[in-house]
Amino acid sequence: MDASDRESGAGVPERNWAGNVRYSAARRHRPTGLDELRRLVTGSDRLRAVGTGHSFNRLGDTGGDLVSLAGLPPTVEVDRERSTVTVAAAVRYGDLATRLHAAGYALPTMASLPHISVAGAVATATHGSGVGIGNLASAVSALELVTADGDLLTVRRDADGDRFAGMVVSLGALGVVTRVTLDVVPDFEVRQYVRLGLSRAALDEAFASAYSVSLFTDWRGDRIDQVWRKQLADAPPPPADWLGTTAAAGPVHPVPGMPARNCTAQLGEPGPWHERLPHFRLGFTPSSGDELQSEYHLPRAAAAGALAALDPLADRIAAVLQVCELRTVAADELWLSPQYRRDSLAVHFTWIGDADAVAPVLAEVERVLAPFAPRPHWGKVFTLDPAAVAAAYPRHADFLALARELDPVGKFRTDLLDGYFPR
Ligand SMILES: Cc1cc2nc3c(=O)[nH]c(=O)nc-3n(C[C@H](O)[C@H](O)[C@H](O)COP(=O)(O)OP(=O)(O)OC[C@H]3O[C@@H](n4cnc5c(N)ncnc54)[C@H](O)[C@@H]3O)c2cc1C
């Protein structure tokens, strides 16, 4: 890529991955060095960073300058003494994982797909599943970012305390993150088993049964269709009659009709953490590709009540649904994390790609979930009332104050932020 390509923004996505958002940026940039990035930030009055564009809403959109950091050196530095890795913002989790595995390390969790950038995923509190496992942002121990005035700021968990907790899940509103430091653990192996036909009464037992468990349902019956049990390799396999389920006869894809070859290995075959914790393989299309996604995080204790409340909508949900996934995420201290001080059930919907058909059902789902204080996934489609969202995040006002302090002119603002964090 030469200088003219960089100026024309070649290599910066024009649309998000799902294709439902065309970025409205007047200019697109792909700097190759930190100084170039700092000059861009200083010289712009409206700017957003874009990661791999896997979010489904306009959180990352701007009418000004859209900046991809994919041209910066893809640094991955392991610190064996501190058990951390410092990684360039645009590195994808899948690439980071390969490097970590080769160095004898692991991350505690992965999202369903390894295709997403570290900074983009952390900014929206992307998560995997596990009753004792936090989201991806909860592993962050330091951040380096370019703030609105072009300064380079480093914040650390051990030095910046509560303020740090406000800056990790940033929604891109505090600056352009250039490097992220993450806690790592020793490399480990996982076996993945898929079981079919779980009774809803056994939900809690299923979630607690293994390191990371995901449940899939199409809302066409009263049972959970698939249980993806990702267990540490030395844990015993589930018995034949485990919780009244049956073993899948061969590899499956969670979305009916999609090819299982896009998915990570199943049937109990042991493999490294990064080739089992995500559902989908790097190099293959994750999920279905033609879709919209929404997700709501509820207190875990509300699981049974929330699912029962959704029951009367089952037929309407099923009519516009590809698959619904239920996961658990452990509580954390990050101000804008959907798991802030709340062990959570994540209720995820992979909808068909028809926004008009989905909209009325989404509105009904949000109405029914409202009594459970839902916190939306920041990177997915939601239309919750801004006042209700503010009420669900106890540190909402503190975050707004932090954003005003670090970005007094609103350089990193978007319409979506203006709606949910009015200045
Ligand atoms: C098929 C599919 C499966 C998914 N599975 C999961 C899942 O399992 N769990 C889950 O929680 N989510 C999931 N998601 C959602 C996805 O993980 C999030 O939307 C995530 O934010 C995408 O990362 P990205 O790099 O594409 O970020 P983008 O969508 O490019 O950006 C997201 C936000 O981060 C900001 N940002 C990006 N880079 C920077 C930076 N350097 N500095 C400051 N701000 C920045 C952007 O401005 C934007 O606001 C899935 C999405 C898809 C398409």
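This section describes the ligand site, two open sheets and one loop residue of a predicted model.

The ligand site is considered first. The shell around the ligand holds 38 residues. Ala-49, Gly-51, His-54, Ser-55 and Ser-117 come nearest. By residue class, the shell divides into 17 nonpolar, 18 polar and 3 charged residues.

Several polar contacts link protein and ligand. In the side chain of Ser-55, an N or O atom is 2.7 Å from an oxygen atom of the ligand. Arg-327 also approaches a ligand oxygen, with a polar side-chain atom at 2.8 Å. Val-177 contributes through its backbone: an N or O atom there lies 2.8 Å from a nitrogen atom of the ligand. On its own, the ligand has 970 Å² of accessible area, and the protein covers 98% of this. Three elements each give two or more residues to the shell: strand E2 (47-50), helix H4 (118-123) and strand E9 (176-183). The largest share comes from H4, with 4 residues.

Two of these elements recur in the sheets. E2 belongs to an open sheet of 3 strands. The order is E1-E3-E2, and the pairing is parallel. Strand E1 (27-29) and E2 stand at the edges. Each has a single partner strand, so one side of each is left without a neighbour in the sheet. Direction ignored, neighbouring strands here are turned by 25° against each other on average. Within this sheet, E2 pairs with strand E3 (residues 65-68) over 4 bridges, in the parallel sense. Across this pair, Arg-48 stands opposite Leu-66 in E3. E2 thus has two roles to record: a place at the edge of the parallel sheet, and a contribution of two or more residues to the ligand shell.

E9 lies in the other open sheet, which has 5 strands. Their order is E4-E5-E9-E7-E8, with antiparallel pairing. Strand E4 (76-79) and strand E8 (152-156) are the edge strands, and each pairs on one side only. The average turn between neighbouring strands of this sheet is 15°, again with direction ignored. In the listed order, E9 stands between E5 and E7.

The pairs at both ends of this order can be described in detail. At one end, E4 and strand E5 (residues 84-88) are joined by 4 bridges in the antiparallel sense. Val-76 stands opposite Val-87 in E5. At the other end, strand E7 (residues 140-146) runs antiparallel to E8, and 5 bridges join the two. Leu-145 stands opposite Leu-153 in E8. E7 and E8 also form a hairpin, with 5 residues between them. In the turn, Gly-150 has a positive phi of about 90°.

The last site is a loop residue. Ala-235 is placed in the loop between strand E13 (223-232) and strand E14 (246-247). Its relative accessibility is 27%. Ala-235 therefore counts as partly exposed, since that class lies between the 20% limit for buried and the 50% limit for exposed. Ala-235 and Tyr-211 are 24 residues apart in sequence. In space, their C-alpha atoms are 9.5 Å apart.

Methods
Residues are numbered from 1 along each chain as its sequence is written. This is a predicted model: local features need pLDDT of at least 70, side-chain atom pairs count only at pLDDT 80 or more; totals for chains, interfaces and linings use all residues. Side-chain values use heavy atoms; hydrogens and water are left out. A residue is near a molecule or strand if one of its heavy atoms lies within 4 Å of it. A polar contact is a pair of N or O atoms within 3.5 Å; within protein, one must be able to donate a hydrogen and the other to accept it, and residues adjacent in sequence count only if both atoms are side-chain atoms. Accessible areas come from the Shrake-Rupley method with a 1.4 Å probe; for residues, only the protein chains shown count as cover. Ala, Val, Leu, Ile, Met, Phe, Trp, Tyr, Cys and Pro count as nonpolar, Asp, Glu, Lys and Arg as charged, and the others, Gly among them, as polar. Two strands pair if DSSP finds at least two bridges between them. Axes are lines fitted to C-alpha atoms, for helices over the stretch in contact, and angles run from 0 to 180 degrees between N-to-C directions. Buried means under 20% relative accessible area, exposed over 50%, partly exposed in between (1.4 Å probe, protein chains only).
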